[in-house]
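Open the structure in your viewer and keep the selection tool at hand. Each stop below gives a selection to make and a short account of what is there.

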Amino acid sequence: MTLLEIFPSLRSGMPSRLDPAVWPRETHYDDAGRVTVGGVALADIADQYATPTYVIDEDEVRQRCRAYRGAFPDAEISYAGKAMMIRAVAKWVGQEGLSVDVCSAGELAVALAAGIEPGRIVLHGNGKSFDELEAAVRAGVGRIVIDSLTEITMLSALLGRTQQILIRLSPGIDVHGHPAVRTGITDQKFGFPIGSDAAAEAVERVLRRPELDLVGFHCHLGSQIHDPDHYGEAVRRMIAEMAMVRREHDVILTELDLGGGHAVAYRGGDAEMNLAELADVIEDALDAACARHRFPRPRIAVEPGRAIVARAGVTLYRVLSVKHVEGGRTYVTVDGGMGDNARVALYGARYSVVVANRHPECAQMTATVAGRFCEAGDIIAADVRLPVDLRPGEVLAVPCTGAYHHSLASTYNSVGRPPIIAVGGGRCRELLRRETIDDLLRRDIGD
Ligand SMILES: Cc1ncc(COP(=O)(O)O)c(C=O)c1O
């Protein structure tokens with residue numbers, strides 16, 4: 001018999017093995033040894049809503065918004081909706097004073113349905129269709145970020161009033177990391193390379209159109225950036241470019257949008273962006289660059305997505321089988337996988353996993369948590385520590401799955417996407433229902 005079995009009350013005081021760097025701050029073990037988030041046992045959510053299921057802690061999202069507001073009191077903070085775009089989340093961030101950036105007519109519709117004031121919506125995207133531009137103009141979005149010369153023509157044709165415009169530049173900053181997320185380098189699909197003829201032409205064309213009001217430049221350096229100095233360098237380069245626009249066109253741009261990409265920790269020990277340091281670096285770089293070019297300080301905007309919602313999210317799975325391969329690994333197969341978490345296959349992302357329905361006080365084994373989809377690469381987490389006596393039916397929880405999980409989810413293998421359940425104050429509620437087989441069949445018109 002263990003000490004915990006003799007004295008169950010010891011459990012609540014037990015040192016948590018749940019790393020606060022990757023779990024919502026209101027994550028604990030309850031008296032029964034189960035993991036709770038926002039006061040709700042994850043195992044109860046699994047029972048009530050089935051699995052796989054995304055859980056999101058509303059307070060954690062709101063706290064992250066406040067942390068940004070505190071660190072950047074004078075900046076516009078725009079939530080990058082691509083991280084997780086559902087009405088409830090858009091409403092929470094809006095209530096916390098953030099703007100919302102969208103990159104499709106669908107995201108725009110969700111933001112509007114959530115009651116975000118159109119003037120606080122920014123439209124992005126390297127491939128905006130005419131219809132999407134039209135929807136944004138009709139809605140009256142605050143800013144449109146121009147990504148190609150074609151967009152300038154399309155917008156001019158559409159507009160019956162003045163539209164504020166930012167031009168996206170790639171500042172030639174390589175933050176390294178996975179090729180799919182290095183968007184600051186010049187040879188990639190987004191924006192115009194800084195200092196290029198194409199960038200100069202975009203500026204000229206926009207300035208020639210009276211209905212386009214060029215208010216500033218935009219850049220986005222990439223994802224999972226933990227070194228704030230990259231943003232300092234971006235400020236220096238972008239201010240130099242703004243000073244050049246003043247020299248050549250006698251126009252003073254007043255806004256500088258530095259994009260998002262602030263790193264979060266997916267596993268204990270991962271580097272994350274320190275917001276206070278980031279704010280200091282941006283301030284110092286702005287002071288120095290504006291002084292050097294005698295340029296008036298522009299208003300700064302930042303666009304965090306992941307850093308607002310990642311740590312607020314937890315994904316729940318049920319164990320389907322535990323397979324010990326002779327001479328190989330132990331595979332714990334769960335009822336989700338790459339359909340609800342594409343990041344492992346896309347970016348080689350690494351996660352931690354815990355058993356959520358009991359405290360893992362027993363001996364541990366090293367196991368690979370595998371998804372249920374028909375791809376050998378459908379692995380959720382390789383070489384994680386789980387109880388040796390893990391059984392089918394138990395609930396596993398994967399932290400830091402709030403960003404780019406639901407938004408990247410697919411219906412591969414005709415498996416519907418999971419629901420999203422909000423937790424907070426000891427209660428839970430469904431924000432998005434599970435996609436059912438009927439939903440899938442309804443789309444399929446047949447022969
Ligand atoms: C233009 C732009 N802004 C902001 C973001 C948000 O990035 P993150 O979620 O890494 O903060 C992205 C992500 O791709 C982006 O493309």
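The tour starts at the ligand and then moves on to annotated residues and backbone details. Keep in mind throughout that this is a predicted model.

**Stop 1: the ligand**

Select the ligand and the residues around it. The shell has 16 residues, and those that come nearest are Gly-261, Glu-303, Gly-305, Arg-306 and Tyr-404. By class, the shell residues divide into 3 nonpolar, 8 polar and 5 charged.

Now display the distances from the ligand to three of these residues. At Glu-303, an N or O atom of the side chain is 2.7 Å from a nitrogen atom of the ligand. At Gly-261 the partner is in the backbone: one of its polar atoms there is 2.8 Å from a ligand oxygen. Arg-306 also uses a polar backbone atom, placed 2.8 Å from an oxygen atom of the ligand. On its own the ligand has 390 Å² of accessible area, and the protein covers 91% of it.

**Stop 2: the annotated binding site**

Select Arg-306, Arg-343, Tyr-347, Glu-375 and Tyr-404, which an unreviewed UniProt entry lists under "binding site". Do they gather at one spot or lie apart? These residues span 99 positions in sequence and their farthest two C-alpha atoms are 26.6 Å apart, so they do not all gather at one spot.

**Stop 3: Arg-306**

Centre on Arg-306, which belongs to helix α11, residues 306–309. Is Arg-306 buried or exposed? Its relative accessible area is 9%, and a residue under 20% counts as buried, so Arg-306 is buried. Next, show its contacts, leaving aside neighbours within four places in sequence. Arg-306 then touches Ala-83, Ser-223, Gln-224, His-262, Val-264, Tyr-266, Arg-343, Ala-403 and Tyr-404. Two residues of that set, Arg-343 and Tyr-404, also appear in the UniProt "binding site" list.

**Stop 4: Tyr-347**

Move to Tyr-347 in helix α12, which covers residues 343–347. Tyr-347 is partly exposed, with a relative accessible area of 28%.

**Stop 5: Lys-82**

Select Lys-82, for which the unreviewed UniProt entry gives "modified residue: N6-(pyridoxal phosphate)lysine". Look for Lys-82 in the loop that runs between β5 (76–80) and α4 (87–95). Lys-82 has 29% relative accessibility and counts as partly exposed. Which residues is Lys-82 in contact with, leaving aside its neighbours within four places in sequence? The contacts are Asp-101, Cys-103, Glu-107, Tyr-404 and Ser-407. Tyr-404 is thus a contact of Lys-82 and also one of the residues that come nearest to the ligand.

**Stop 6: a cis peptide bond**

Show the backbone at Thr-51 and Pro-52. The peptide bond joining them is cis, with omega at about -10 degrees. Pro-52 sits in the loop between α2 (42–49) and β4 (53–57).

**Stop 7: two positive phi angles**

Finish in the loop between β19 (395–399) and β20 (420–424), where Asn-413 is found. Asn-413 is not a glycine, yet its phi is positive, at about 60 degrees. With 31% relative accessibility, Asn-413 counts as partly exposed. Ser-414 lies in the loop between β19 and β20 as well. Ser-414 has a positive phi too, near 55 degrees, in a residue other than glycine. Is Ser-414 buried or exposed? At 54% relative accessibility, Ser-414 counts as exposed.

Technical notes: Residues numbered from 1 in each chain as written. Predicted model: local features only at pLDDT ≥ 70, side-chain atom pairs only at ≥ 80, totals over all residues. Heavy atoms only, no water. Near = heavy atom within 4 Å. Polar contact = N/O pair within 3.5 Å; in protein donor to acceptor, adjacent residues only side chain to side chain. Areas by Shrake-Rupley, 256 points an atom, 1.4 Å probe, with all protein chains shown as cover. Nonpolar A, V, L, I, M, F, W, Y, C, P; charged D, E, K, R; others polar. UniProt positions renumbered as here; feature names shortened; annotations may be inferred. Helix = DSSP H or I, 4+ residues; strand = E, 2+ residues; numbered from the N terminus. Buried < 20%, exposed > 50% of the residue type's maximum accessible area, 1.4 Å probe, protein only. Contact = heavy atoms within 4.5 Å.
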